[in-house]
Each structure stands twice: as structure tokens, then as C-alpha cells.
Amino acid sequence: MSQTVRRAIDILEFVARKPRTQTEVGEHLGVHRSTALRILESLTDGGLARRLPDGRYAVGHRLAGLAQLALEQFGLKDIAQERLRALGERCGHTVHLAALEGGQILYVDKIDPVDGVRLYAQIGRPVRPHTAAVAKAILAHIPRAQAAELLATCDFKAYTATTITSPDRFGTVLDETRARGFAVDDGEYEDYVNCLAVPVRDSGGDVVAAVSVTALKARADLAALEADVLPDLLSTAATISKELGWRP
């Protein structure tokens, strides 16, 4: 990639976060302000950036239109599927992808191990929010009011001895999940399986989905999943997030 193209991409990502002055752009790139201005003017001429009345630069309307067209070509499942399949092959357990769609969290993809037991989860069906690690990973990172709305109809029914049946306790679990960076299902719907899940972010940094690895306890307990699978799971979710446009 040429230096000019690399700088142009860097500028677009920089001004996408908030409008910037020519001087701020130059300092961000580590170049003279005249060099920054030359690239900014080229981006503005192409409609990818625009100069605001106060002299700062922001994303151009043409770029916003191109981004919308791109989003229409790629769905979350299309972007994530290859990564999910590779994760499943490496870990040998079941991999799920769940997404926040409207007022529900739905399973949108599932990768079963080639030589393992197929676990219950129907694509397109809602997730049980108080038992599933993918739900916890999403609920822990969205605004509290939105999470409360999604949980308004949750009955907190007990399925196993470890199911969380108290809304207050579940709120504490979400706080712990947010601080830890990943969610846990300790046999809370089916007592013979356990699961880890991590959030997936979109281009704006919002959590819109979660990826999980679910294993039979007889094959891998939570400690084994954290030691052997969690680093790969975190890396996979981060890669999917970046392909959706997220930048740390």
C-alpha cells in the first residue's frame, strides 16, 4: 500500500470519530500541516471528506453513501462465517453466533464439530437471555435501559441447579461480565454443557452480536475452556469486529 493511500485511510478513520482541524490531522499523522492539507483537499474533492464552516474536516456525504451500499452487500453472518468455521475446527467444540436484532437476541449461525455431539440451538430462534452466554455478552455491553427492555419479558425460569433466577443476581452477573470481558454459561440451561462468549462490535463500537464456544463438560469444563479456548475466542471476535469496521 502506498504511503499516500495509507495516510488517506488514516485520515478518514481519524475524522470519522469526530471533526478535526488541519493541524490535528497533521499531528495525528506526524507530518507537516501542508501535507495533511493536500490529502484533505483531495479527499474533499472526491466527496470522501468535507470542510465544515468552522474550518474543521469531517466525513463526506459520498463516503457515507458508499458505506451504506457496502453494508447492504454484507451481512453479519456472511462476514463472520469463515472465522467461526476456523475457530470451530481449531477448538473442536460447537461455535455459535448470536445477534441483537430488533427487540430480541437471535441465533444467526452455528458451527458443529465434525466428530462431536450436536448441541441444541436453532438458527433464527431467540436466545434464552438469562441462561445463554451469548445473551450475557451482549446485554452486559449495551445501554442499561436497552438491556432492561430486552429482559422485560424474561421469566427467569429455572432449568438447572445453576440457572440464575433472580433479576438482581443477573444484574450483578452482567456487571461481572462487563468487567471481565467475556460471559459464562455454567450449565444454566443444560447441565451437561458449559460455554464462554465474547461480544462483537460494529463500526461505531456498539456491541451488536456475540460469539460463543460451547462444550460438553465431560470434554472441557469452564477452567479448560478459559485456558485453552478463550484467547482464540477473543481474537476471533476482535477480527470479526474489525471486519465490521470497528477500530479499538
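Both K136 and E188 are buried, and in this predicted model the two residues form a salt bridge in which the closest N and O atoms lie 2.6 Å apart. The pair links distant parts of the chain, since K136 belongs to helix 6 (residues 133-139) while E188 sits in the loop between strand 5 (183-185) and strand 6 (193-201), 52 residues apart. The points below take up the salt bridges, then the strands around strand 3, and finally the surroundings of S212.

**Salt bridges**

- The structure holds ten salt bridges in total, among them the one between K136 and E188.
- D186 and K217 also meet through their side chains in a salt bridge, with an N to O distance of 3.5 Å; this pair likewise links distant parts of the chain, with D186 in the loop between strand 5 and strand 6 and K217 in the loop between strand 7 and helix 9 (222-228), 31 residues apart.
- D186 has a relative accessibility of 31% and therefore counts as partly exposed, and K217, at 32%, also counts as partly exposed.
- R144, D175 and R178 are joined into one network by salt bridges that share partners.
- A further salt bridge is formed by E176 with R169, where the closest N and O atoms are 3.7 Å apart; E176 is partly exposed, with a relative accessible area of 37%, and R169 counts as partly exposed at 41% relative accessibility.

**Strand 3 and its partners**

- Strand 3 (residues 94-101) is largely enclosed by the rest of the structure, because seven of its eight residues are buried.
- Strand 3 pairs with strand 7 in the antiparallel sense over six bridges, and within this pairing V95 stands opposite V213 in strand 7.
- Strand 3 is also joined to strand 4 (residues 104-111) by seven bridges, the two strands running antiparallel, and here H96 stands opposite K110 in strand 4.
- The hairpin made by strand 3 and strand 4 has two residues between the strands, and in this hairpin G102 takes a positive phi near 65°.

**The surroundings of S212**

- S212 is found in strand 7 (residues 207-216) and has a relative accessible area of 1%; because this value falls under 20%, S212 counts as buried.
- When its neighbours within four places in sequence are left aside, S212 is in contact with T94, V95, H96, V134, C195, L196, A197 and L233.
- S212 and L234 are separated by 22 residues in sequence and by 9.6 Å in space, taken from C-alpha to C-alpha.

Terms used:
Residues numbered from 1 in each chain as written. Predicted model: local features only at pLDDT ≥ 70, side-chain atom pairs only at ≥ 80, totals over all residues. Heavy atoms only, no water. Helix = DSSP H or I, 4+ residues; strand = E, 2+ residues; numbered from the N terminus. Buried < 20%, exposed > 50% of the residue type's maximum accessible area, 1.4 Å probe, protein only. Contact = heavy atoms within 4.5 Å. Pairing = 2+ DSSP bridges. Salt bridge = Lys/Arg side-chain N within 4 Å of Asp/Glu carboxyl O.
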